[in-house]
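User: I would like to go through this structure and ask how each label is justified.

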Amino acid sequence: MTSQMGLRERRRRETSADIRGAAVRLARERGFDRVTIEEICIEAGISARTFFNYFPNKESAIAYGPSDIPPELVEEFVAAGPASYSVVLDELITLAAHHLRDMPPDRDQAEERCWNSLKRHPRCLAAFLADLERFQNHLIDIVARRQAMRADEEIPAVISALALTAIRSGIERWTSAEPEDADDTPMPYVERAAVLVNSIFTR
């Protein structure tokens, strides 16, 4: 699967990361409830219009949800055609986690988003869960397209849920572990979780 992002996509992800980083820094310094969108924009060096092009509110900027998949990668995944469930699951995990390899999150910020903000602020948790549901529905749709199934069939939903479980488990273990190497990305943890989850189909 193609791993290189286009320049426009990379810039979009960099801007998103800058906004998220600014939101987390300010929340740590002042407390979540005292941070405004205007202050996040100033910290990130962007306009309010740019902020709302990426996030609907400050809760979504702080909650670390999954990144959208570039359309060209979606079409590449779908065009590969029907395959065994284990193959589709493995490739779906790689697809859904592509941003963790290409632009890995900052460890401290990821930990803040994954644990502290979600635990302390119900609105952040609600924003995270809403984004996760949206993303999972997107995965269900592309699995169904690849497998020539209906989106309301059980298999696309199960494969998508397992893919998200592997990614979430890998990120959580990464944030709580010591760096393994200089690159320090969540991918080794996600890949180990993927092998474990995929073993369900191969045993």
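User: What is the sign of phi at Gly81, which follows H5?

Analyst: The phi of Gly81 is positive, near 85 degrees. H5 is a helix, that is, a DSSP run of H or I with at least four residues, numbered from the N terminus. This is a predicted model, in which local features need pLDDT of at least 70 and side-chain atom pairs count only at pLDDT 80 or more, while totals for chains, interfaces and linings use all residues. Residues are numbered from 1 along each chain as its sequence is written, and side-chain values use heavy atoms, leaving out hydrogens and water.

User: Why is Leu125 called partly exposed?

Analyst: Buried means under 20% relative accessible area and exposed over 50%, with partly exposed in between (1.4 Å probe, protein chains only). Leu125 has 34% relative accessibility, so Leu125 counts as partly exposed. Leu125 is found in helix H9.

User: Which residues of H5 are buried, and what puts them on the same side of H5?

Analyst: Leu73, Val74, Phe77 and Val78 are the buried ones. They cover an arc of only 135 degrees around the axis, so they lie on the same side of H5; the arc is taken from the directions from the helix axis to the C-beta atoms. Pro71 and Ala79, on the other side of H5, are exposed.

User: What makes a set of residues a nonpolar core?

Analyst: The members must be buried Ala, Val, Leu, Ile, Met, Phe, Trp, Tyr or Cys residues, joined through side-chain atoms within 4.5 Å. The largest such core here has 29 residues, and Ile93 is among those that touch the most other members. H10 gives the largest share of this core, 7 residues.

Notes: Helix = DSSP H or I, 4+ residues; strand = E, 2+ residues; numbered from the N terminus.
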